[in-house]
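Q: I should like to learn how a helix and its neighbouring loop are read in a model. Could the teacher take me through the features in turn?

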Amino acid sequence: FGLNTNGEAFLSIAASIPFSVVRKLRRNSLQLEAIFLGQAGLLSGDCEEPYFLNLREEYDYLRKKFQLNSQGVLPVKYFRLRPDNFPEVRLVQLAALYSKHASLFNVLINCAEAKEFYKLMDLEINDFWKTHYTFYKSHSPRRKTLSTNFMDLVIINTV
């Protein structure tokens with residue numbers, strides 16, 4: 001989900017979170033968002049948004065509970081990214097994908113056609129992200145979906 005710009009950073013985030021933790025939290029998208037964004041270092045700033053504060057509180061709890069640390073996690077980059085590809089949006093979409101499907105791998109291997117993958121990756125994310133690309137600046141409401149090109153890249157390179 002990090003593409004070329006943030007691929008290594010996202011890999012380092014994934015390596016910092018045991019997959020057993022992701023599986024335990026998969027039914028709660030807010031907790032998954034908190035873990036992903038927190039491990040990426042995106043919950044450390046000063047922001048008064050209630051959603052941000054809720055995520056940070058959740059992350060602090062989960063970080064202690066699962067004894068996570070973010071040493072070795074590479075910083076995310078924004079340079080030359082279009083807002084739809086900002087790390088916050090992509091990490092929240094990834095959390096939504098894991099939350100939507102209890103056994104994602106089994107669902108993926110049972111897809112026979114590209115249109116099944118496209119339907120699988122039609123995600124609804126938290127309403128906050130419909131008016132934000134980052135925690136600090138809002139914009140007019142917009143649905144943030146995965147483009148067909150992005151889904152094709154995921155299918156080709158991952159599935």
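**Reading helix H5 and the loop before it**

A: This model is predicted. Let us begin with the packing: the buried residues of H5 pack against helix H1 (3-15), helix H3 (29-39), helix H4 (50-65), helix H6 (104-109), helix H7 (114-120) and helix H8 (148-157).

Q: How many residues does helix H5 have, and what does it reach from its first C-alpha to its last?

A: Helix H5 covers residues 87-100, which is 14 residues. From first C-alpha to last it reaches 20 Å, close to the 20 Å expected at 1.5 Å a residue.

Q: How is the direction of residues in a helix read, and which residues of H5 are buried?

A: An α-helix has 3.6 residues a turn, so residues three or four places apart point the same way. In H5 the buried residues are Pro-87, Glu-88, Val-89, Arg-90, Leu-91, Val-92, Gln-93, Leu-94, Ala-95, Ala-96 and Leu-97.

Q: Why is H5 described as largely enclosed by the rest of the structure?

A: Eleven of its 14 residues are buried, so H5 is largely enclosed by the rest of the structure. Buried here means under 20% relative accessible area.

Q: What is notable about the phi of Gln-67, and where is Gln-67 placed?

A: Most residues other than glycine have a negative phi. Gln-67 is not a glycine, yet its phi is positive, at about 55°. Gln-67 lies in the loop between H4 and H5 and is exposed, with a relative accessible area of 71%.

Q: What is the phi of Arg-80, and is Arg-80 buried or exposed?

A: Arg-80, also not a glycine, has a positive phi of about 65°. Arg-80 is located in the loop between H4 and H5. Arg-80 is exposed, its relative accessible area being 74%.

Technical notes: Residues are numbered from 1 along each chain as its sequence is written. This is a predicted model: local features need pLDDT of at least 70, side-chain atom pairs count only at pLDDT 80 or more; totals for chains, interfaces and linings use all residues. Side-chain values use heavy atoms; hydrogens and water are left out. Helices (H or I, at least four residues) and strands (E, at least two) are DSSP runs, numbered from the N terminus. The expected span of a helix is 1.5 Å times one less than its number of residues. Buried means under 20% relative accessible area, exposed over 50%, partly exposed in between (1.4 Å probe, protein chains only). Contact means heavy atoms within 4.5 Å.
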